[in-house]
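Student: I am new to this structure and would be grateful for a close look at a single part of it. Please begin from one residue and build the picture outward.

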Amino acid sequence: MATPHRALRTPTAPAPRPPCPPFPSLVPPPGTDERQPTAAAVLDELLAGNARCTGGLPRQPYVRPTGRRPCAVVIGCVDAPVPPELVLDQPLGELLCVRTAGLVLDEAVLASVQYGVQELGAPLVLVLGHERCAAVAATLERLRTGAPVPGHLELLVEEIAPAAHRTRNRPGDWAEHTLRAQTTWVRDAIRADPAFGAAQVVAARVDAGSGLVSLLP
Ligand SMILES: [Zn+2]
């Protein structure tokens with residue numbers, strides 16, 4: 001005999017959800033101090049934030065004061081372990097983050113960085129590469145084996161391959177050399193572009209194990 005269906009439960013009304021906090025206004029309130037800090041002061045704060053993060057005493061999560069403009073543009077990677085706001089312990093909205101796999105640049109990325117520097121007055125651009133980057137690993141695998149990569153991923157390999165070629169014969173960890181070469185190449189490309197002349201541009205790497213951010217020479 002077939003097992004009788006269980007009686008359907010009478011649907012109950014879902015519990016009311018707590019209200020969302022108000023969305024921070026994009027318009028600064030009257031009297032807001034619009035002056036941006038210096039690039040050096042911003043960089044000091046970002047490194048202090050990284051020390052809070054890696055020291056286990058982050059201030060997150062919290063949101064920036066209403067109406068303030070981002071103090072830095074961060075060019076970062078899409079890999080999940082390295083959201084810049086967490087690694088640098090900054091309020092959500094404090095950083096204008098442009099994230100692409102392997103820090104690959106295109107016109108949309110450059111335009112977004114220019115918007116942050118020229119229109120919003122961010123005094124600092126931080127190019128933030130990271131250890132054990134999947135896009136770097138895929139590029140090295142492609143160069144080692146010659147195996148094709150699917151679809152749009154080919155663009156990533158093409159853009160990261162020059163950094164890999166430049167460092168292939170160096171002793172040590174090829175992925176680490178490629179990461180550093182790619183990150184500093186992006187920094188130098190931004191520095192050389194007159195569209196970003198108003199900002200200080202620095203490069204750094206994130207340690208995959210500890211999250212520690214170190215500036216690159
Ligand atoms: Zn990555």
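In which strand is the place of Ala204?

Tutor: The model before you is a predicted one. Ala204 lies in strand E4, which covers residues 200-206. Ala204 has a relative accessible area of 0%, and because buried means under 20%, Ala204 is classed as buried.

The surroundings of Ala204 come from distant parts of the sequence as well as from its own strand. Setting aside neighbours within four places in sequence, Ala204 is in contact with Leu126, Val127, Leu128 and Gly129, with Thr183, and with Val213, Ser214, Leu215 and Leu216. A further distance can be given for Arg180: Ala204 and Arg180 are 24 residues apart in sequence, yet 8.4 Å apart in space from C-alpha to C-alpha.

The whole chain gives the setting for this strand. The protein chain has six helices and five strands, and from the N terminus on its elements run α-β-α-β-α-β-α-α-α-β-β. Of the 217 residues in the protein chain, 42% are buried. Among contacts between residues at least 6 apart in sequence, 69% join residues at least 24 apart.

Two of the residues that touch Ala204, Leu126 and Leu128, lead to another strand. Leu126 and Leu128 are also in contact with Val74, whose place is in strand E1, residues 72-76. Val74 is buried, with a relative accessible area of 0%. Beyond its neighbours within four places in sequence, Val74 also contacts Pro84 and Leu88, together with Leu95, Leu96, Cys97 and Val98. Val74 and Glu85 are 11 residues apart in sequence, and their C-alpha atoms are 9.5 Å apart in space.

Strand E2 (95-99) and helix H2 (84-87) are joined by a loop in which Asp89 is found. Most residues other than glycine have a negative phi. Asp89, however, has a positive phi of about 50° although it is not a glycine. At 0% relative accessibility, Asp89 counts as buried. A second such case follows strand E2: Leu103 is found in the loop between E2 and helix H3 (107-119). Leu103 has a positive phi of about 60° and is likewise not a glycine. With 3% relative accessibility, Leu103 counts as buried.

Asp89 can also be related to the end of an earlier helix. Thr54 is found in helix H1, residues 39-54. Thr54 and Asp89 are 35 residues apart along the chain, and their C-alpha atoms are separated by 9.4 Å. At 33% relative accessibility, Thr54 counts as partly exposed. Not counting residues up to four places away in sequence, Thr54 touches Ser210, Gly211 and Leu212.

The remaining part of the picture concerns the helices. Two packed helices are described by the angle between their axes and the distance between the axes. For helix H4 (residues 134-145) and helix H5 (residues 153-167), the axes come within 9 Å and cross at roughly 80°. An angle of 65 to 115 degrees counts as roughly perpendicular, so H4 is roughly perpendicular to H5. From H4, the contact is made by Ala135, Val136, Ala138, Thr139, Leu140, Arg142 and Leu143. From H5, Glu154, Leu156, Val157, Ile160, Ala161, Ala164 and His165 take part. The residues of this contact divide into 10 nonpolar, two polar and two charged.

Helix H5 has further features of its own. Its 15 residues, at 1.5 Å a residue, should span 21 Å, and its end C-alpha atoms are 22 Å apart, which agrees. H5 bends by about 40° at Ala161, and a proline, Pro162, follows within four residues. The buried residues of H5 are Leu156, Val157, Ile160, Ala161, Ala163, Ala164 and Thr167. These buried residues pack against H4 and helix H6 (174-192).

Note on methods
Residues are numbered from 1 along each chain as its sequence is written. This is a predicted model: local features need pLDDT of at least 70, side-chain atom pairs count only at pLDDT 80 or more; totals for chains, interfaces and linings use all residues. Side-chain values use heavy atoms; hydrogens and water are left out. Axes are lines fitted to C-alpha atoms, for helices over the stretch in contact, and angles run from 0 to 180 degrees between N-to-C directions. Helices (H or I, at least four residues) and strands (E, at least two) are DSSP runs, numbered from the N terminus. Angles under 35 degrees count as roughly parallel, over 145 as roughly antiparallel, 65 to 115 as roughly perpendicular and the rest as oblique. Contact means heavy atoms within 4.5 Å. Ala, Val, Leu, Ile, Met, Phe, Trp, Tyr, Cys and Pro count as nonpolar, Asp, Glu, Lys and Arg as charged, and the others, Gly among them, as polar. The expected span of a helix is 1.5 Å times one less than its number of residues. The bend at a residue is the angle between axes fitted to the seven residues ending there and the seven starting there. Buried means under 20% relative accessible area, exposed over 50%, partly exposed in between (1.4 Å probe, protein chains only).
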